[in-house]
Amino acid sequence: MVERIIEAARIVLVRDGYESFTTNRVADEAEVSPGSLYQYFPDKSALVTEVMDRWSAEISDRVAASLAASGPVDVKDPATIRAIADALLTALETDAGLLRIVWEELPAVRHRAAQHALEQRVRELLAVYLAASGATTGDPSTRAWVIVMAVENVAVRWVLDKPSISREALLEELSALSAGFGPRGARGD
């Protein structure tokens, strides 16, 4: 029943938006009584939090799986960064409706913790790969932060704004942008 309620909450949140999201609508969608819903979730806030936590974990897991599958990360290799950006785009596109709610409708306080947790997990994974590959000089954590912030923000805006930029062109640009994050000596620093 809990899974059914959470799935219904996700559907209602995307379909109706945050302002129109109510526990009664979720109960109707889940085909349970409001009383049954309240046995597991005391209010709208608890439902939204659970949906957001699960969504963040799904995106994080997809990106982490892609990083693990790609082997050692070499930020000098545009194909590696391209694979990471592609994994992030795919994860974000999977539920663009929920992404729109998170970035444009939820009060920032409602999603900031989940967003930061997701970013931190991806940054930590990337920093470990950067350090292990020897592909970077300096602090791998700093470099990972810059890469994750740049790629995440561009990817989110591309998914939400749907500009007349092809996926292929976007991946090429993200690869070129990230190529500048190789060892400082490779850039002439």
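Which helix does I59 lie in? I59 lies in helix α4, which covers residues 44-70. I will come back to that residue after an overview. One caution before that: what you see above is a predicted model.

Let me begin with the chain as a whole. The chain has nine helices and zero strands. Reading from the N terminus, the order of elements is α-α-α-α-α-α-α-α-α. The chain has 189 residues, and buried residues make up 42% of them. The chain exposes about 9200 Å², and carbon and sulfur atoms supply 54% of that area.

How are the contacts spread along the sequence? Take the contacts between residues at least 6 apart in sequence: 72% of these join residues at least 24 apart.

Now back to I59. Is I59 buried or exposed? I59 is buried, because its relative accessible area is 1% and the cut-off for buried is under 20%. Which residues surround it? If we set aside the neighbours within four places in sequence, I59 is in contact with L88, A91, L92 and L118. There is also a distance to look at here. I59 and T90 are 31 residues apart along the chain, and their C-alpha atoms are separated by 9.1 Å.

Next, the start of the chain. Helix α1 takes in residues 2-16, which is 15 residues. From its first C-alpha to its last, α1 reaches 21 Å, close to the 21 Å expected at 1.5 Å a residue. Which residues of α1 are buried? They are I5, I6, A8, A9, R10, V12 and L13. When you look at the spacing in that list, keep the geometry of a helix in mind. An α-helix has 3.6 residues a turn, so residues three or four places apart point the same way. Just after α1 comes G17, with a positive phi of about 85°.

G17 is a glycine, but two other residues with a positive phi are not. As background, most residues other than glycine have a negative phi. E31 is not a glycine, yet its phi is positive, at about 60°. Where is E31? It sits in the loop between α2, residues 23-30, and α3, residues 34-40. E31 is exposed, with a relative accessible area of 71%. The second case is K162, also not a glycine, with a positive phi of about 50°. K162 lies in the loop between α8, residues 140-161, and α9. At 61% relative accessibility, K162 counts as exposed, because the cut-off for exposed is over 50%.

That brings me to charged side chains. How many salt bridges does the structure hold? It holds twelve. I will go through three of them.

The first on my list is between R25 and D16, where the closest N and O atoms are 3.2 Å apart. R25 is partly exposed, with a relative accessible area of 37%. D16 is partly exposed too, at 22% relative accessibility.

The other two involve R167. The side chains of R167 and D86 meet in a salt bridge, at 2.7 Å from N to O. This pair links distant parts of the chain: R167 is in helix α9, residues 167-179, while D86 is in helix α5, residues 78-94, and the two are 81 residues apart. Both partners are partly exposed, R167 with a relative accessible area of 24% and D86 with 28%.

R167 also forms a salt bridge with E93, at 2.4 Å from N to O. R167 lies in helix α9 and E93 in helix α5, so this pair ties together parts that are 74 residues apart in sequence. E93 counts as partly exposed, at 34% relative accessibility.

Salt bridges can also share partners. Which residues are joined into one network that way? They are R15, D16, R25 and E29. So that you can place it, D16 is the residue we met in the salt bridge with R25.

Last, the rings. The count of aromatic pairs comes to zero. There is, however, a charged residue placed over a ring: K44 lies over the face of Y18, at 4.3 Å from the ring centre.

To sum up, this is a predicted model of a chain with nine helices and zero strands. I59 in helix α4 is in contact with residues including L88 and L118. R167 forms salt bridges with D86 and with E93.

Definitions and conventions. Residues are numbered from 1 along each chain as its sequence is written. This is a predicted model: local features need pLDDT of at least 70, side-chain atom pairs count only at pLDDT 80 or more; totals for chains, interfaces and linings use all residues. Side-chain values use heavy atoms; hydrogens and water are left out. Helices (H or I, at least four residues) and strands (E, at least two) are DSSP runs, numbered from the N terminus. Buried means under 20% relative accessible area, exposed over 50%, partly exposed in between (1.4 Å probe, protein chains only). Contact means heavy atoms within 4.5 Å. Accessible areas come from the Shrake-Rupley method with a 1.4 Å probe; for residues, only the protein chains shown count as cover. Rings of Phe, Tyr and Trp (its six-membered ring) pair if their centres lie within 6.5 Å; planes under 30 degrees apart count as stacked, over 60 as edge-to-face and the rest as tilted. A charge sits over a ring if NZ of Lys or CZ of Arg is within 6 Å of the ring centre and within 35 degrees of the ring normal. A salt bridge is a side-chain nitrogen of Lys or Arg within 4 Å of a carboxyl oxygen of Asp or Glu. The expected span of a helix is 1.5 Å times one less than its number of residues.
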